[in-house]
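Q: I am new to this structure. Please take one interface and go through it closely, then set it beside any other interface worth a look.

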Protein chains: 2
Amino acid sequence: MDTIQKAINKDFGIRFSNEKLLLEAFTQGNYLNEHPEETGHDYQRLEFLGDSVMQLIVADYLFTRYPDWEEGQLTEMRIAMVQSKSFSHFARLAHFDRYIRLGKGEELSGARNRDGLLEDIWEAFVGALYKDQGPKAVYDFLDQTIFPAIDEGFFEEFIDYKSKLQELLQQAGSVNIDYEVEKEDLSDPQRPRFDVTVFVDKKAIGSGSGRSIKLAEKRAAKRAYQDVVPR
Amino acid sequence: MDTIQKAINKDFGIRFSNEKLLLEAFTQGNYLNEHPEETGHDYQRLEFLGDSVMQLIVADYLFTRYPDWEEGQLTEMRIAMVQSKSFSHFARLAHFDRYIRLGKGEELSGARNRDGLLEDIWEAFVGALYKDQGPKAVYDFLDQTIFPAIDEGFFEEFIDYKSKLQELLQQAGSVNIDYEVEKEDLSDPQRPRFDVTVFVDKKAIGSGSGRSIKLAEKRAAKRAYQDVVPR
């Protein structure tokens, strides 16, 4: 069994029927130029497919998980989640950087650790997995990687709820919006915690907590926004 | 059995397990406002899902059908095929305009025949079909509707091969590009046919035929472009 196959199997319980697809997902163009004995494509065709696979599986997940969300909320969260810039983060967590078959020049120039390449490889892997095993397997893989990050607030970084709340509240005219830190707990320096409340014209309309004031403010804004926004 | 279910079954051999999903895909927001006894959503959540379903199933089709195409060619054709403006055309061919459950005001203002609504309904139907029966059923449905249109040249309208060829040929300096009608057959006025060849500096580099000179030129450009472009 190929090294990548073994690692993927150990880490995610995934076993490819067609190992060639798995290898293709981790093969960069110049590697093929340097190994003319290898036939086949580099990762780019699978990246093309994987881009759409990410869009759909995330859309389906959100559609199912949030049966009351309107189309606008679903679209916004999908855009936040299917940011290729977040894929490099998840690709590193999955150790995908180790498996890439790179050309020598790219290796020397440090491509193995470049965000752009890791994003592409993430999509290529997802495309290969879809082709080999269908949507359910991709869903299960994302359930071990990207989906849990929703509850950790990872994607909230990508949604500017404070601006959205402000726009919404000021549609009917000027209002004062204040964020106040109600409580801070620094007893464990590894896990600081802040509670923030957002006030509109001195009336509390939402609260949130987080490991930074910024994150707590965002969550307070999100809570307020979701309560205020017309359903 | 519901009327829409019957029609879809007759026309496409599709039978929804969850008829509610099918109905949701054809239900416009104001219809629900006018029928408070009906619970559930209008088509917009399914449209959100169907948008990604179209992207993926078309990507997968192209990936499989054209094993030698590079990522750039695949992307270009997918963009041409997943144009929401073409969906209204296919929605009409499938008689989807008849099944929409519209609010009274929208009916009076002619929304039933509006491209924008038909595009949305197409995507919503595809989203519902995916949710009810998975990717294979969507693939089969598109195989009865959109995929055959590739061979009829329908999507070539959306790709400007003449400009692409010109850009490619002029990368290395100025060249003369001419399109010449080599043959025209007007014997059947319902089915005119033109044969066109494209020359670069008087050397023939591609030919194409079509029901109009414009289409024949495009096909000649496409043929030349695909032969010239580096693989």
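A: Start with the interface of chain A and chain B. The two chains bury about 2600 Å² between them. Carbon and sulfur atoms carry 61% of that area. Keep in mind that this is a predicted model.

Which residues of chain A supply the most? Arg45(A), Phe48(A) and Phe63(A) do, more than any other three residues. Together they give 31% of the area that chain A buries against chain B.

Now count the residues. Chain A brings 27 residues into contact, and chain B brings 27.

Next come the polar links. Between chain A and chain B there are 4 salt bridges. One of them joins Asp51(A) to Arg78(B). The closest N and O atoms of that pair are 3.8 Å apart. The cut-off for a salt bridge is 4 Å, so this pair counts. The two chains also share 15 residue pairs in polar contact, with both residues at pLDDT 80 or more.

Where on chain A does this side come from? Three helices each supply at least two residues: α4 (44-65), α5 (71-81) and α9 (115-133). Of the side that touches chain B, α4(A) gives the most, with 15 residues. By class, that side of chain A has 14 nonpolar, 6 polar and 7 charged residues.

Now turn to the interface inside chain A. The domain assignment splits the chain into domain 1 (3-156) and domain 2 (161-228). The contact between them takes 6 residues from domain 1 and 8 residues from domain 2. The C-alpha centres of the two domains of chain A lie 34 Å apart.

How much area do these domains bury? Domain 1 and domain 2 of chain A bury about 580 Å² between them. Here 37% of the area is on carbon and sulfur atoms. On the domain 1 side, Gln73(A), Glu76(A) and Glu156(A) lose the most area to domain 2. Those three make up 73% of what that side buries.

Glu76(A) has another part to play. Its side chain meets that of Lys164(A) in a salt bridge, at 2.6 Å from N to O. Across this domain interface, the count is 1 salt bridge. There are also 2 residue pairs in polar contact, both residues at pLDDT 80 or more. By class, the side of domain 1 that touches domain 2 has 1 nonpolar, 2 polar and 3 charged residues.

Technical notes: Residues are numbered from 1 along each chain as its sequence is written. Chains are lettered from A and ligands numbered from 1 in the order in which they are written. This is a predicted model: local features need pLDDT of at least 70, side-chain atom pairs count only at pLDDT 80 or more; totals for chains, interfaces and linings use all residues. Side-chain values use heavy atoms; hydrogens and water are left out. Domain bounds come from an automatic or database domain assignment. Contact means heavy atoms within 4.5 Å. Buried area is the accessible area (1.4 Å probe) that two parts lose on being put together, summed over both. A polar contact is a pair of N or O atoms within 3.5 Å; within protein, one must be able to donate a hydrogen and the other to accept it, and residues adjacent in sequence count only if both atoms are side-chain atoms. Ala, Val, Leu, Ile, Met, Phe, Trp, Tyr, Cys and Pro count as nonpolar, Asp, Glu, Lys and Arg as charged, and the others, Gly among them, as polar. Helices (H or I, at least four residues) and strands (E, at least two) are DSSP runs, numbered from the N terminus.
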